[in-house]
Amino acid sequence: MVKKICIYDSTLRDGAQGEGISFTVADKLKITAKLDGLGVDYIEAGNPGSNPKDIEFFQRLKELKLKNAKLTAFGSTRRANVEVDKDANIMSLLSAETPSVAIFGKSWDFHVTDIIRTTLEENLCMIRDTVRYMKHKDKEVIYDAEHFFDGYKANPSYAIDTLEAALQSGADWITLCDTNGGTLPNEIRDIVKKVIGEINAPIGIHCHNDGGMAVANSIMAVIGGVTQVQGTMNGYGERCGNADLCTIIPNLEIKLKYRCLPEGALKELTAASRFISELANMTHYSGAPFVGHSAFAHKGGMHIDGVSKNPHSFEHIPPELVGNSRRFLMSEVSGRSTVLTSIQKVDPAITKDSEETYNIIAELKRLEHEGYQFEGAESSFELVIRRALGRYKKLFEVSDFKVISDEPWSNGNSATAIIKIWVNGVQELTASEGDGPVNALDIALRKALTVFYPQLNKMRLVDYKVRVLDTTTATAAKVRVHIESTDGERSWGTVGVSTNILEASWIALVDSIEYMLIKYMD
Ligand SMILES: CC(=O)SCCNC(=O)CCNC(=O)[C@H](O)C(C)(C)COP(=O)(O)OP(=O)(O)OC[C@H]1O[C@@H](n2cnc3c(N)ncnc32)[C@H](O)[C@@H]1OP(=O)(O)O
Ligand SMILES: CC(=O)C(=O)O
């Protein structure tokens, strides 16, 4: 029988305490629906006592019908020396009308005396009164024992008393929090085991990542016996973040054979992680375990050779299990196996031992030495292959171009490009203004070419990046330009390198246009 670990997501509460994150109410509603679709058990949706945004969000949540998750509102115990039913935060928690509430309280004696500045006995009363009150209001109560591990190390009997206070007042769950994120995995395991020996309740874990241990600590706690794991998607959270559910869930399901999400949901994890990073307006971390863009990206030639023979050689799990996919990166550390897949797309008859394969890998390494980088610029690399295999025909010739930059830079267009091209012996001369020299050149070139190739009307640039390759030579340094283009359905990347930024842009631009024309003619 597979043991279930309850997944408690706090992306919308503790995740929102992360630097740079500010979800709108609309974002929060979309994330709630996504997490529910993924199948987490609890969604800690916010602090109704904190701000009007969360209050509005809880109001609008009432319209949302969830299939899997229980909504939870989060707040503290009553304040010291305030009656529970007179405490404004407690009233706000009730107004959220969620089936469950998470109540956090102090477990570390130092926090009681020095931070909330009350007596140890009053803190126990605050916990008891609040939990009991919420139980009278028919709430499921998750009691979060803030700073539990630091508190246990400082004064174990008081820390346990705080848990007993919550439990005897009716708490349904007791969650042990490593609030400052500094506890080590062996300490977590040992303390969790001791607590489980003393407290007869379902126990959860809530870890922060200040020592880089949040995931390891959460997993050690499960090994120690907890049955609920709290965390956030992508590890968002205050300071160094919270325990990352996108790492914890696959480890628990795939490696330790627990059930965390409903059957089949694990393969939705990568999409959910990236969706939430979009809404959080945070760049998705490429190196994130399991769900990152690079998590299954192989670059070393020997690794790619191994994975091509048997993926198990350099992959700890099949990427499809978490909805991710394998990628092979072209680079100077590639071997023939890396480039073979790309070569065979152009000519399936070429093999790993063909002379052409050796020539193409040598050309790849020469170009990378010059400053090219073909990761993300696979279309430029396909043109390298086509040239090497004699499968490339120039579709246009540029006989001349001029770019004039306007000074001072006025509003709107700041450069003009004039270009003369030839296609099958026919000349076309065009001029165009643009927002900067590269933009003017791009528009003029495509304007000239659409006379012959109308399909280029669909093409546009979506990204343009410049990287200086040798900063010691200042303005004489080489630059690498990376362009991302689209025709509305597909997108492709190209690259150019030169000491002249305009020329590097031009090379990437011409590759991009040639690649599109070749694809339309194939
Ligand atoms: C570990 C955690 O993540 S716990 C959650 C932390 N999250 C947040 O703080 C985000 C939401 N917080 C807020 O919006 C605000 O802090 C509010 C609205 C809740 C409170 O705001 P204010 O009343 O202005 O108080 P302020 O934030 O300055 O100080 C915190 C107060 O809470 C009290 N407090 C802190 N922890 C607890 C606790 N566990 N139980 C009861 N009271 C507590 C403090 O003693 C302090 O009270 P004091 O002003 O009487 O000294
Ligand atoms: C409750 C909580 O968020 C913490 O102690 O870290």
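In what follows, Ala, Val, Leu, Ile, Met, Phe, Trp, Tyr, Cys and Pro count as nonpolar, Asp, Glu, Lys and Arg as charged, and the others, Gly among them, as polar. The model on display is a predicted one.

Begin with ligand 2. Select Asp-14, Phe-104, Asp-144, Glu-146, Cys-177, Thr-179, His-206 and His-208, which are the residues around this ligand. By class, the shell around ligand 2 holds two nonpolar, three polar and three charged residues. The nonpolar pair is Phe-104 and Cys-177, while Asp-14, Asp-144 and Glu-146 are the charged members.

Move next to ligand 1, which has 17 residues around it. Which of them come nearest? Select Asn-47, Ser-50, Ser-76, Thr-77 and Ile-116 to see them. The shell as a whole comprises 10 polar, four charged and three nonpolar residues. Colour residues 100-106 as well: this is strand β4, which gives the most to the shell around ligand 1, contributing three residues.

Now widen the selection to residues 5-271. An unreviewed UniProt entry places the feature "domain: Pyruvate carboxyltransferase" here. Over this stretch the chain is 43% helix and 17% strand, and the C-alpha atoms at its ends are 22 Å apart.

Finally, select residues 415-423 and 426-434, which are strands β12 and β13. The two strands run antiparallel and are joined by nine bridges. Within this pairing, Ile-421 stands opposite Glu-428 in β13. The hairpin of β12 and β13 has two residues between the strands; there, select Asn-424, which takes a positive phi near 50°.

Conventions. Residues are numbered from 1 along each chain as its sequence is written. Chains are lettered from A and ligands numbered from 1 in the order in which they are written. This is a predicted model: local features need pLDDT of at least 70, side-chain atom pairs count only at pLDDT 80 or more; totals for chains, interfaces and linings use all residues. A residue is near a molecule or strand if its C-beta atom, placed from the backbone, lies within 6 Å of it. Helices (H or I, at least four residues) and strands (E, at least two) are DSSP runs, numbered from the N terminus. UniProt positions are given in the numbering used here, feature names are shortened, and annotations may be inferred rather than shown by experiment. Two strands pair if DSSP finds at least two bridges between them.
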